[in-house]
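Grab a coffee and open the viewer. Below are some exercises, each with a solution worked out step by step.

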Amino acid sequence: MADLLTPPDDSVTLLNGHGSRRAFLRNSALTAIAGGVLAACKGQAKEVAGVSQKPPVPKTASGVDSSGGTMPAGAAATPTTTDADKMDAMHEAGIKSFPAKTEGKGNQPLTPVMDGNTKVFTLTAKPIKWETAPGTFRDAWAYNDQVPGPLIRVKEGDRVRVILKNELPESTSIHFHGLIVPNAQDGVPFITQPPVKPGASFTYEFTVRNYGSNMYHSHHNSTKQVGMGLLGAFIVDPKAPRAIERADLDHVMILNDSQGYTLNGKGFPATEPIVAKRGQKVRIRFMNEGIMIHPMHLHGMPMTVISKDGWPQPAPWKCDTLNIAPGERWDVIVNCTEVGTWAFHCHILPHAESEHGMLGMVTALVVQS
Amino acid sequence: MADLLTPPDDSVTLLNGHGSRRAFLRNSALTAIAGGVLAACKGQAKEVAGVSQKPPVPKTASGVDSSGGTMPAGAAATPTTTDADKMDAMHEAGIKSFPAKTEGKGNQPLTPVMDGNTKVFTLTAKPIKWETAPGTFRDAWAYNDQVPGPLIRVKEGDRVRVILKNELPESTSIHFHGLIVPNAQDGVPFITQPPVKPGASFTYEFTVRNYGSNMYHSHHNSTKQVGMGLLGAFIVDPKAPRAIERADLDHVMILNDSQGYTLNGKGFPATEPIVAKRGQKVRIRFMNEGIMIHPMHLHGMPMTVISKDGWPQPAPWKCDTLNIAPGERWDVIVNCTEVGTWAFHCHILPHAESEHGMLGMVTALVVQS
Amino acid sequence: MADLLTPPDDSVTLLNGHGSRRAFLRNSALTAIAGGVLAACKGQAKEVAGVSQKPPVPKTASGVDSSGGTMPAGAAATPTTTDADKMDAMHEAGIKSFPAKTEGKGNQPLTPVMDGNTKVFTLTAKPIKWETAPGTFRDAWAYNDQVPGPLIRVKEGDRVRVILKNELPESTSIHFHGLIVPNAQDGVPFITQPPVKPGASFTYEFTVRNYGSNMYHSHHNSTKQVGMGLLGAFIVDPKAPRAIERADLDHVMILNDSQGYTLNGKGFPATEPIVAKRGQKVRIRFMNEGIMIHPMHLHGMPMTVISKDGWPQPAPWKCDTLNIAPGERWDVIVNCTEVGTWAFHCHILPHAESEHGMLGMVTALVVQS
């Protein structure tokens with residue numbers, strides 16, 4: 001099992017193509033401004049051979065402009081800055097800035113302290129400011145100053161202790177969503193425990209019995225508290241992984257819609273791309289902590305669905321758009337056969353784009369040759 | 001096949017734990033008020049042994065407070081009634097009252113009158129007042145004064161007659177959602193029959209050809225009429241059940257969002273818990289008669305999905321959160337291995353909780369040892 | 001593989017039943033007006049024998065009114081025109097007009113021009129007026145004056161060229177949703193190509209590697225552009241179809257909610273029925289180009305789900321209500337065993353009916369004997 005994704009050092013390379021300039025020029029009817037566009041765009045125009053493995057034939061290659069005599073009436077011979085250009089410039093600026101820097105990064109691995117054989121994780125819940133997109137700061141409630149909270153990752157059979165410290169102005173609790181735990185550790189105030197008052201602590205402890213992609217989050221005044229950011233991933237690696245779930249990269253993608261549309265606490269262009277080498281397998285663990293569905297669409301190549309809520313799907317199946325409902329987790333494997341920068345976004349389009357450009361639940365899978 | 005769930009006589013027992021008092025006290029930083037909390041809460045703190053089957057080790061047992069020197073700054077040594085306490089008191093009061101008594105109970109089995117070999121069910125549609133939660137009465141349209149309407153349950157191959165009497169101020173009809181019936185019995189006014197006028201009756205009759213979890217509801221002015229409550233479950237038991245669908249308890253859970261968020265016509269705390277013994281298998285038949293999705297999340301143990309719209313799933317699969325869309329039915333089996341009171345709710349959190357406490361689409365699976 | 005559905009010449013026959021008049025009269029408590037109702041309705045009252053294959057027994061046949069002494073109080077002996085009648089008349093008028101004529105028809109097969117072995121499709125995007133339901137004209141943006149755009153249908157392994165001509169007031173692009181194409185052909189401005197400016201053209205070209213039910217649509221300012229109508233089906237037939245996917249009829253059903261609730265660009269009663277002969281198999285390709293889920297419910301007989309996003313489901317499964325999320329495609333096979341006119345609609349009821357009658361995402365499967 002590979003480590004979680006390390007983001008690339010040089011984001012500029014994400015949008016660098018290979019030899020695409022000529023194809024771009026061929027395809028622009030507005031060559032007068034094409035240079036400027038290219039400077040920003042540098043799209044992935046290296047053609048990947050089709051199934052037939054034949055190289056692209058130049059005279060019918062992709063990107064050949066067949067205009068000329070076929071240009072529609074009204075095409076401007078001498079372009080000027082139009083409303084369309086202004087809109088495009090906003091779109092371009094957003095994409096050029098991807099992945100944009102923001103303060104704070106959620107979902108960072110939390111290293112446990114060992115107490116004998118017990119892995120001890122401490123989570124402090126408190127109000128913070130969280131930058132969801134460049135310049136957009138929101139009042140959030142966070143575990144350890146992160147939204148999503150830190151990634152807890154253990155192995156099937158581990159003994160785990162989670163110490164919750166409440167520095168919020170109201171009571172709270174933690175529910176381990178998807179884990180089979182003793183009832184007293186289930187985190188539901190007045191059913192399994194008293195609420196954890198402001199200033200107080202509570203300790204959860206259990207043996208991890210079931211593996212998979214799970215979550216932890218507040219279960220007290222949860223519409224507000226989870227909405228404010230008290231949520232995180234709790235991944236349990238199996239003792240004996242199935243062959244199908246072995247992957248070179250492992251990416252958690254927590255969907256949320258409470259503080260804008262976010263992936264792992266950030267909206268585009270501050271979202272994190274997934275960067276893989278051609279031929280690698282990437283496991284993506286979708287988790288929905290919002291209150292709306294989000295059908296995630298990957299361009300370029302299919303996803304194979306291998307697990308639901310941490311439980312193996314008995315008959316894995318392929319798709320390119322996977323609908324994830326609140327509380328659900330779906331694990332998929334992407335076999336990175338196709339080189340390029342591939343858009344990856346919620347297909348409820350208002351969650352992904354406005355007239356000002358891409359936003360919210362948009363990222364990219366970058367497959368490097 | 002077991003009878004449908006008989007609700008427990010003594011609701012107080014639902015929230016009684018086993019030997020949990022000490023664990024609670026250990027875990028409360030506010031012991032001055034813990035007694036009061038316990039009186040209400042009595043959480044399920046008996047630890048269920050993990051996969052390793054080892055008994056919990058006392059000194060690292062769940063619920064051990066590791067605070068003391070680790071208490072965050074600002075923790076109140078002498079608690080006073082705070083806003084947090086007031087909120088918690090509202091949450092506690094809701095849970096203490098569960099399952100709360102309300103007038104009327106929907107989904108009650110309707111015993112047919114036999115006419116030769118034909119099972120005759122009479123449904124009278126008329127306006128009523130329906131109490132969805134304690135003190136909340138709504139104008140409803142109901143079959144036989146119930147929301148959902150009475151449970152019709154027959155066997156594959158039965159001959160069934162359903163007499164609809166319309167005491168509503170507008171025309172109506174019944175569609176048998178999911179049943180394969182002759183077209184004339186399909187209940188769509190102006191396509192398969194005339195509308196049934198106010199004061200009139202209509203008789204449906206057919207042989208039941210396909211088994212499974214189906215529904216009946218109005219198919220005339222249906223946004224309003226189904227929204228007002230003209231809906232119910234129509235279950236057909238198979239002649240030859242599959243091994244996987246045999247269960248000790250059988251629970252119908254009709255989801256609705258038209259008159260508040262309800263399960264079987266009631267919102268929390270007036271919802272009905274499911275009470276099982278450890279080791280029993282519970283079949284839950286989710287049916288969505290609303291206009292929104294509802295991803296239902298069961299705490300504590302997974303659900304195995306065995307049927308969709310009454311049709312067997314060829315490869316049953318496990319989950320803990322199942323998304324049910326309007327018109328869908330999903331059947332699951334829960335193997336009640338874990339003792340305790342387990343929250344069971346829609347994971348669109350505003351459908352389940354507000355600052356005033358749990359509400360709407362929340363119930364519990366109570367597994368007794 | 002059969003051709004796409006040819007709509008019936010005579011829509012009146014859709015609602016003609018066989019010998020149903022007597023049953024209707026028996027079932028109407030308002031016989032004084034029943035003749036008028038029948039003139040419009042002529043419901044499908046021919047009973048299809050049940051599993052037992054016994055003919056219906058006259059004295060217990062469906063449609064027998066068991067009223068008389070059981071008539072509820074208040075039943076009018078001499079009916080007058082009531083509010084209920086007025087409402088019914090509106091419902092009846094809508095259904096009588098189905099399928100209603102409107103200007104324009106989307107999703108029409110586009111015949112390619114051959115350039116050697118390359119299939120060349122030209123799509124011109126421009127503003128039009130589109131009639132979604134009788135008398136309701138909307139400002140739309142369309143490919144080749146159609147909403148949805150013309151149907152592109154090719155075979156696995158084909159070389160395809162798509163020429164996009166932009167006659168819109170803003171830039172655009174085309175994304176081939178679900179197709180595995182070289183990155184430069186993926187249609188995402190500033191990532192894989194420059195935006196196609198007003199008046200300009202762009203040429204996409206690729207070898208079709210994966211078969212199935214796919215889509216094409218704008219990927220620039222897409223919330224608006226797809227919402228306005230820049231979308232269409234892109235179907236790839238496999239070289240070697242599976243046995244389960246062979247069908248007598250093949251129907252594309254594009255769901256949308258941006259310009260009212262529509263199926264293939266039209267709202268009821270202007271939607272297109274699916275007309276089959278008893279015993280035929282109909283393949284339906286659901287595609288959601290809207291921003292909401294749409295759980296489609298077929299009356300009368302189940303659907304077998306065979307593909308998701310063009311990829312085979314490893315274990316096909318049955319349902320009668322299939323939830324389709326934005327961006328998803330689901331292929332089903334309906335084995336037309338039941339004769340009659342069967343309602344087929346989104347089960348989010350406000351998407352299908354109001355007090356004025358059926359609307360939006362409603363059509364019918366007509367199975368002729």
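## Exercise 1: a covered strand in chain C

Six of the seven residues in strand E18 (residues 329-335) of chain C are buried, so count that strand as mostly covered under the 20% cut-off for relative accessible area. Keep in mind as you go that this is a predicted model.

**Task.** Which strands does E18(C) pair with, and how do they run?

**Solution.**
- Step 1: look for E13(C), which is joined to E18(C) by seven bridges, with the two strands antiparallel.
- Step 2: find a matching pair of residues here. C:Phe286 stands opposite C:Trp330 in E18(C).
- Step 3: now try strand E15 (residues 303-308) of chain C. Four bridges connect it to E18(C), and again the strands run antiparallel.
- Step 4: as a check on that pairing, C:Ser307 should stand opposite C:Asp331 in E18(C).

As background, strands in a sheet pair through backbone hydrogen bonds, in either a parallel or an antiparallel way.

**Follow-up task.** What sits over the ring of C:Trp330?

**Solution.** That would be the charged end of C:Lys308, 5.1 Å from the ring centre. Flip to chain A and you'll find the charged end of A:Lys308 over the ring of A:Trp330, 5.1 Å from its centre.

## Exercise 2: aromatic pairs

**Task.** How many aromatic pairs are there over all chains? Then take B:Phe98 with B:Phe268: is the pair stacked or edge-to-face?

**Solution.**
- Step 1: the count over all chains comes to 27 aromatic pairs.
- Step 2: for B:Phe98 and B:Phe268, the ring centres are 5.0 Å apart and the planes meet at 25°, so call this pair stacked.
- Step 3: place the two rings. B:Phe98 is in the loop between helix H3 (83-96) and strand E1 (113-115) of chain B, while B:Phe268 is in the loop between strand E11 (262-263) and strand E12 (274-277) of chain B, so the pair ties together parts 170 residues apart in sequence.
- Step 4: check burial. B:Phe98 has a relative accessible area of 5% and is buried; B:Phe268 counts as buried too, at 6%.
- Step 5: set against this C:Phe286 and C:Phe344, an edge-to-face pair with 6.1 Å centre to centre and 85° between the planes.
- Step 6: C:Phe286 belongs to strand E13 (residues 281-288) of chain C and C:Phe344 to strand E19 (residues 340-346) of chain C, so this pair ties together parts 58 residues apart in sequence. Both C:Phe286 and C:Phe344 are buried.

Over in chain A, ring pairs link A:Phe176, A:Phe202, A:Tyr204, A:Phe206 and A:Phe234 into a cluster.

## Exercise 3: a four-stranded sheet and a histidine

**Task.** What is the order of the strands in the open sheet of four strands in chain A, and which are the edge strands?

**Solution.**
- Step 1: read off the order, E4-E9-E8-E6 in chain A, with mixed pairing.
- Step 2: the edges are strand E4 (152-155) and strand E6 (175-177) of chain A, each pairing on one side only. From one strand to the next, the twist averages 25°.
- Step 3: zoom in on strand E8 (residues 212-217) and strand E9 (residues 231-237) of chain A, which run antiparallel and share six bridges. A:Ser213 stands opposite A:Ile235 in E9(A).

**Follow-up task.** Is A:His175 buried or exposed, and what does its side chain reach?

**Solution.** A:His175 is in strand E6 of chain A. Its relative accessibility is 1%, so it counts as buried. The side chain of A:His175 reaches the backbone oxygen of A:Asp186 at 2.9 Å. Setting aside neighbours within four places in sequence, the contacts of A:His175 include A:Met215, A:Tyr216 and A:His219, and also B:His297 and B:His299 from chain B.

## Exercise 4: a proline in a loop

**Task.** Where is A:Pro269 found, and which residues does it touch?

**Solution.**
- Step 1: A:Pro269 is in the loop between strand E11 (262-263) and strand E12 (274-277) of chain A.
- Step 2: its relative accessible area is 12%, so A:Pro269 is buried.
- Step 3: not counting residues up to four places away in sequence, A:Pro269 touches A:Gly94, A:Ser97, A:Phe98, A:Pro99, A:Ala100 and A:Pro134.
- Step 4: the C-alpha atoms of A:Pro269 and A:Ile95 are separated by 6.7 Å, though the two residues are 174 apart along the chain.

Conventions: Residues numbered from 1 in each chain as written. Chains lettered and ligands numbered in written order. Predicted model: local features only at pLDDT ≥ 70, side-chain atom pairs only at ≥ 80, totals over all residues. Heavy atoms only, no water. Pairing = 2+ DSSP bridges. Axes fitted to C-alpha atoms, helices over the stretch in contact; angles between N-to-C directions. Buried < 20%, exposed > 50% of the residue type's maximum accessible area, 1.4 Å probe, protein only. Polar contact = N/O pair within 3.5 Å; in protein donor to acceptor, adjacent residues only side chain to side chain. Contact = heavy atoms within 4.5 Å. Phe/Tyr/Trp six-rings, centres within 6.5 Å; stacked < 30°, edge-to-face > 60°. Lys NZ or Arg CZ within 6 Å of the ring centre and 35° of its normal.
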